[in-house]
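Subject: Structure handover

Hi,

Here is the structure you were waiting for. Please open it alongside this note; what I found comes after it.

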Amino acid sequence: MKEWKNVWILAEVSNGKMSSTAYELITAGRGLADTLGEKLCAVLLGADVKKFAQDLFDRGVDVVYVCDDLALTNYVDDIYAKTLNGMIQTYKPNKFLLPATNLGRSLSAKTAIFAGTGLTADATEVLINPEDGQLHATRPTFGGNLMATITCARTRPEMCSLRPMSYPKAAASESKTGEVIEFAFDAGKYTSLAKFLQFIKSEGEGLDLSETDVIVAGGRGLGKAEGFDLLNKLAERLGGAVAASRAPVDNGWIEYRRQIGLTGRTVKPKLYIACGISGQIQHMAGCSGADVIVAINKDPEAPIMKMAHYAVEGDLYEVIPAMLEALDK
Ligand SMILES: Cc1cc2nc3c(=O)[nH]c(=O)nc-3n(C[C@H](O)[C@H](O)[C@H](O)COP(=O)(O)OP(=O)(O)OC[C@H]3O[C@@H](n4cnc5c(N)ncnc54)[C@H](O)[C@@H]3O)c2cc1C
């Protein structure tokens with residue numbers, strides 16, 4: 001076990017851009033590395049990705065492992081996971097954090113299997129147990145009613161995918177230097193039966209609720225799919241985006257990628273307006289980090305009315321038009 005050293009993070013790159021989840025993982029990983037007295041290392045996988053190393057150094061990374069090859073231009077699970085496992089077996093990291101994004105969830109699971117180690121998926125907090133140096137990864141379980149802390153005692157690296165928005169983004173400071181270690185891609189070894197054909201963007205791709213300052217979310221209280229037209233008007237007026245609780249998603253009123261909560265997205269906007277949402281724990285798990293929560297609900301006893309910074313008691317079909325009128329003035 002002593003051979004395995006240092007804390008790794010995956011700096012995800014997709015469509016030629018480094019994801020800002022890398023900065024969140026730097027914050028989480030820096031804490032772990034400092035507690036252990038080990039180095040914080042980032043992994044860059046892809047084509048033309050070495051250029052991102054300096055940004056990672058500026059935000060506190062000590063070492064960047066780069067596998068830069070044209071064969072990695074497009075994401076293919078097996079190829080990426082086998083390459084990552086090749087890096088793991090060569091350099092033997094102690095802990096390895098990946099983002100719980102679509103790509104990260106898939107890649108972390110496959111890589112953990114190839115590496116023969118454990119993975120805590122979708123964690124919201126990571127800490128080092130000072131007694132034995134083990135990673136304690138905490139995640140909600142049983143529908144968010146319990147928080148479970150999971151360890152991986154007998155294999156290394158201890159792997160964990162961390163929910164986006166769980167940690168603040170590490171800021172860039174003055175230009176720092178670090179070590180770049182290049183890892184050669186092996187086309188004979190890192191293979192896949194699957195072949196990349198084409199990347200098809202889903203409709204409205206580019207919507208990133210995690211980057212939006214204002215979110216207007218609708219719940220079952222809307223009563224019908226058309227209710228979102230009214231929410232769209234308010235969101236547009238405030239320069240924000242529309243989201244939902246699970247009920248409208250289950251009813252087919254709106255697409256899943258707009259669901260906020262435990263089984264949806266976690267967001268931290270400046271303003272979150274919850275319309276016709278009761279505020280169940282599974283929903284609040286995704287939005288309680290908002291700076292300001294405004295609830296519009298007919299029922300003054302709804303749980304969200306106590307959790308919101310501003311609670312408006314009333315019918316959303318009366319309150320929202322009144323808000324739009326006031327905004328127009
Ligand atoms: C494992 C698990 C995971 C889950 N994950 C999620 C998740 O990710 N996200 C999520 O949201 N839920 C999730 N849920 C479901 C969650 O428990 C709730 O069922 C759901 O959040 C309820 O949605 P809601 O608040 O829209 O509906 P309701 O709880 O039915 O609330 C509707 C509210 O609208 C109000 N209302 C009605 N009409 C009006 C009106 N005209 N004007 C104003 N107010 C009105 C009512 O007073 C009520 O408070 C999960 C559940 C489980 C078990």
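α6 gives the most residues to the lining of the second largest pocket, with 3. I start with that pocket because the ligand sits there: the space taken by the ligand is the second largest pocket. Bear in mind that this is a predicted model.

**The pocket**

The second largest pocket holds about 480 Å³ of space. Its lining is made of 25 residues. Those nearest the centre are Arg-220, Ser-245, Ala-247, Ile-277 and Ser-278. Four elements give two or more residues to this lining: α6 (246-250), α7 (281-284), β16 (292-297) and α9 (316-328). By class, the lining has 13 polar, 7 nonpolar and 5 charged residues.

**The ligand**

How many residues surround the ligand? The shell has 27. Arg-220, Ser-245, Thr-263, Ser-278 and Asn-297 are the closest. Arg-220, Ser-245 and Ser-278 are also among the residues nearest the centre of the pocket. The shell divides into 15 polar, 7 nonpolar and 5 charged residues.

Three polar contacts are worth a look on screen:

- Thr-263: an N or O atom of the side chain is 2.6 Å from a nitrogen atom of the ligand.
- Gln-282: a polar side-chain atom lies 2.8 Å from an oxygen atom of the ligand.
- Leu-262: here the partner is a polar backbone atom, 3.0 Å from an oxygen atom of the ligand.

How much of the ligand does the protein bury? Taken alone, the ligand exposes 990 Å², and the protein buries 78% of that. The elements that give two or more residues to the shell around the ligand are α6, α7 and β16. These three elements also give two or more residues to the pocket lining.

**The cavity**

There is also an enclosed space to check. The count comes to 1 cavity of 30 Å³ or more. The largest cavity holds about 50 Å³. Which residues line the largest cavity? They are Leu-10, Ala-11, Glu-12, Val-13, Leu-45, Tyr-80, Leu-103 and Leu-107. By class, this lining has 7 nonpolar residues, 1 charged and no polar. Glu-12 is the charged one, because Glu counts as charged in this grouping.

**Two backbone points**

Where is the cis peptide bond? It joins Arg-156 and Pro-157, with omega at about 0°. Pro-157 lies in the loop between β10 (146-150) and β11 (158-162).

The other point concerns Asn-6. Its phi is near 85°, a positive value in a residue other than glycine. Asn-6 is placed in the segment before β1 (7-10).

If you look at one site, begin with the ligand and its contacts at Thr-263, Gln-282 and Leu-262.

Best wishes

Terms used: Residues numbered from 1 in each chain as written. Predicted model: local features only at pLDDT ≥ 70, side-chain atom pairs only at ≥ 80, totals over all residues. Heavy atoms only, no water. 1 Å grid on protein atoms, 1.4 Å probe; cavity = no way out; pocket = protein on both sides within 12 Å on 5 of 7 lines; lining within 4 Å. Points joined across faces, edges and corners; volume = space filled by probe spheres on them. Near = heavy atom within 4 Å. Polar contact = N/O pair within 3.5 Å; in protein donor to acceptor, adjacent residues only side chain to side chain. Areas by Shrake-Rupley, 256 points an atom, 1.4 Å probe, with all protein chains shown as cover. Sits in = over half its atoms within 2 Å of the grid points.
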